[in-house]
Amino acid sequence: MPEVYILRLGHRPERDKRVTTHVALTARAFGAKGIYVSTKDEELERSVRSVVKRFGGDFSISTGVKWKPFLKEFEGTSVHLTMYGTHVDDAMPQVKSKATERMLIVVGAEKVPPEVYQWATFNVGVGNQPHSEVAALAVFLDRFFQGEGLRRDMGGHMKVLPCERGKRVVNDPE
Ligand code: SAM
């Protein structure tokens, strides 16, 4: 299974904390290995690491990443999620055929600089209507991993046991 990382552009700590946290948690839950955020935000790092510590998984977060050299020099297949891109249904077979051991998925916050469209291996639209980076990432990862990301045991000391009603959570910090 390829190792998938996310590059989050344009994060503004005072406005985007919640959405970027959701991008990170969605990435983790749907099978990605880590997230790079272009803006430094230690509080964001702390809150994502706290989920990883409790619920498990091998998921990393780095903030303050210089995204231009990072994306330009990335040595694998990169996918920029954008409403202007090739429809995900049409793009996915090509993305899978060009999958590399390490892959990068780029999502924006506001307008994304033009270099991203040029440097990404693929520009993919999860449909071609404007919606959200969280939704786009979830759908893309779920299609890419064909649901397997959601089925993994993350090995955390907190584990949710699915039930029809109510909440069942095992918490075993030992
Ligand atoms: N109009 C903005 C632009 O020029 O990209 C859209 C910003 S949108 C609020 C934030 C991010 O959500 C985008 O950078 C993109 O990664 C993602 N996004 C929104 N709609 C999408 C779609 N239909 N397909 C793929 N990604 C989408």
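Reader: Where does Gln129 lie?

Author: In this predicted model, Gln129 lies in the loop between E6 and H6.

Reader: Why is Gln129 called exposed?

Author: The relative accessible area of Gln129 is 59%. A residue counts as exposed over 50%, so Gln129 is exposed. Gln129 and Thr82 are 47 residues apart in sequence, and their C-alpha atoms are 9.4 Å apart in space.

Reader: Which residues come nearest to the ligand?

Author: The ligand has 18 residues around it, and those that come nearest are Leu81, Gly108, Val126, Gln129 and His131.

Reader: What makes the approach of Gly108 to the ligand a polar contact?

Author: A polar backbone atom of Gly108 is 3.1 Å from an oxygen atom of the ligand. The limit for a pair of N or O atoms is 3.5 Å, so this pair is a polar contact. Val126 also offers a polar backbone atom, 2.9 Å from a nitrogen atom of the ligand. For His131, an N or O atom in the side chain is 3.1 Å from a nitrogen atom of the ligand.

Reader: How much of the ligand does the protein bury?

Author: The ligand taken alone exposes 560 Å², and 85% of that is buried by the protein.

Reader: Which elements give two or more residues to the shell around the ligand?

Author: They are strand E4 (78-87), strand E6 (122-125) and helix H6 (133-145). The largest share, 4 residues, comes from E4. By type, the shell holds 9 nonpolar, 7 polar and 2 charged residues.

Reader: Why is Ser78 called buried?

Author: Ser78, which lies in strand E4, has a relative accessible area of 3%. Buried means under 20%, so Ser78 is buried. Leaving aside residues up to four places away in sequence, Ser78 touches Leu71, Leu104, Trp119, Ala120, Thr121 and Phe122.

Reader: Why does Glu133 count as buried?

Author: Glu133 lies in helix H6. Its relative accessibility is 17%, and the cut-off for buried is under 20%, so Glu133 counts as buried.

Reader: What makes the approach of the side chains of Glu133 and Arg8 a polar contact?

Author: The distance for the two side chains is 2.9 Å. Because the limit is 3.5 Å, the value falls within it and the side chains make a polar contact. Apart from residues up to four places away in sequence, Glu133 touches Arg8, Val19, Val23, Val107, Gly108 and Ala109.

Reader: Why is the aromatic pair of Trp67 and Trp119 called tilted?

Author: The count comes to 6 aromatic pairs. In the pair of Trp67 and Trp119, the centres are 6.3 Å apart and the planes are at 50°. Centres must lie within 6.5 Å, and planes under 30 degrees apart count as stacked and over 60 as edge-to-face; the angle fits neither class, so the pair is tilted. The pair links distant parts of the chain, with Trp67 in helix H3 and Trp119 in helix H5, 52 residues apart.

Reader: How do you know whether Trp67 and Trp119 are buried or partly exposed?

Author: Trp67 has 15% relative accessibility and counts as buried, because the cut-off is under 20%. Trp119, at 26%, is partly exposed, because that class lies between 20% and 50%.

Reader: What makes the pair of Phe144 and Phe145 edge-to-face?

Author: Their planes are 75° apart, with 5.2 Å centre to centre. Edge-to-face requires over 60 degrees, so the pair is edge-to-face. Both Phe144 and Phe145 are buried.

Methods:
Residues numbered from 1 in each chain as written. Predicted model: local features only at pLDDT ≥ 70, side-chain atom pairs only at ≥ 80, totals over all residues. Heavy atoms only, no water. Near = heavy atom within 4 Å. Polar contact = N/O pair within 3.5 Å; in protein donor to acceptor, adjacent residues only side chain to side chain. Areas by Shrake-Rupley, 256 points an atom, 1.4 Å probe, with all protein chains shown as cover. Nonpolar A, V, L, I, M, F, W, Y, C, P; charged D, E, K, R; others polar. Buried < 20%, exposed > 50% of the residue type's maximum accessible area, 1.4 Å probe, protein only. Contact = heavy atoms within 4.5 Å.
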